[in-house]
Amino acid sequence: MSAPTESTSPSGEPGTAPRRSSRRAPRRPPPELVVAVVLGYVTGVVQILAGITVMFGRYLPDTSAAERLVVTITGACVVLLGLFVITIAAGLTRARRDARVLVTVLLGITIALDVVILIASPDLWFVLVDLVLVAAAITVLWTGRTARFFAHSAGGRTG
């Protein structure tokens with residue numbers, strides 16, 4: 001028979017049982033949320049490229065000085081909107097409720113801009129595609145497993 005051995009903890013202290021961590025493993029975001037984040041990133045990049053393209057419109061020969069100013073400011077705003085969408089979308093996978101609301105607001109602004117563009121130029125099919133993708137991203141953020149993912153989170157700032 002062997003002699004009983006004294007139990008030791010992972011730190012090497014005799015006579016103490018190993019401690020369990022009170023932290024739970026972080027929950028993984030549902031696949032739908034990952035798709036919404038990717039759509040947010042794609043929308044942001046497309047907005048940045050569109051804003052740069054709009055800013056190049058100031059160099060067209062038939063634009064007046066006042067139109068150049070408006071075109072430049074509009075292009076800069078579109079670029080900033082794209083940067084905001086990318087930045088805030090990064091917080092979605094960490095179950096940040098404020099990020100979900102902000103992304104929804106920014107994507108709502110994108111929808112409004114797309115509608116204005118479609119009214120002005122109804123033959124731009126890619127704007128319609130962008131409109132559908134943005135509406136899909138908003139729908140995914142507020143329905144199904146994604147909504148439950150945010151409902152079960154603490155909602156606080158996690159980093």
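Me: Which residues in H1 meet H2, and which ones in H2 do they meet?

Reply: On the H1 side there are Val-37, Gly-40, Tyr-41, Gly-44, Val-45, Gln-47, Ile-48, Gly-51, Ile-52, Val-54 and Met-55, and they meet Val-71, Thr-72, Gly-75, Ala-76, Val-78, Val-79, Leu-81, Gly-82, Leu-83, Val-85, Ile-86 and Ala-89 in H2, where contact means heavy atoms within 4.5 Å. Please bear in mind that this is a predicted model, in which local features need pLDDT of at least 70, side-chain atom pairs count only at pLDDT 80 or more, and totals for chains, interfaces and linings use all residues. Residues are numbered from 1 along each chain as its sequence is written, and side-chain values use heavy atoms, with hydrogens and water left out.

Me: How does that contact divide by class?

Reply: The contact of H1 with H2 has 16 nonpolar and seven polar residues, with no charged ones, Gly being counted as polar and Asp, Glu, Lys and Arg as charged.

Me: OK, and at what angle do the axes of H1 and H2 cross?

Reply: Helix H1 (residues 31-56) and helix H2 (residues 65-89) cross at roughly 165°, and their axes come within 7 Å; angles run from 0 to 180 degrees between N-to-C directions, and a helix is a DSSP run of H or I with at least four residues. That makes H1 roughly antiparallel to H2, the cut-off being over 145 degrees, and the crossing of the two is left-handed.

Me: Switching to H3: which residues of H2 meet it?

Reply: Leu-81, Phe-84, Val-85, Ile-88 and Ala-89 in H2 do so, and the residues they meet in H3 are Ala-99, Leu-102, Val-103, Leu-106, Leu-107, Ile-109, Thr-110 and Leu-113. This contact of H2 with H3 divides into 12 nonpolar residues, one polar and no charged.

Me: What about the packing angle there?

Reply: H2 and H3 pack at about 150°, with their axes 9 Å apart. That makes H2 roughly antiparallel to H3, and H2 passes H3 in a left-handed crossing.

Me: Now H1 and H4, how many charged residues are in that contact?

Reply: The axes of H1 and H4 come within 9 Å and cross at roughly 145°, and H1 passes H4 in a left-handed crossing. Glu-32, Leu-33, Ala-36, Leu-39 and Thr-43 of H1 make the contact with Asp-130, Leu-133, Val-134, Ala-137, Val-140 and Leu-141 of H4. By class, the contact of H1 with H4 has two charged residues, together with eight nonpolar and one polar.

How values were computed
Angles under 35 degrees count as roughly parallel, over 145 as roughly antiparallel, 65 to 115 as roughly perpendicular and the rest as oblique. A crossing is left-handed if the near helix is turned anticlockwise from the far one by less than a right angle, and right-handed if clockwise.
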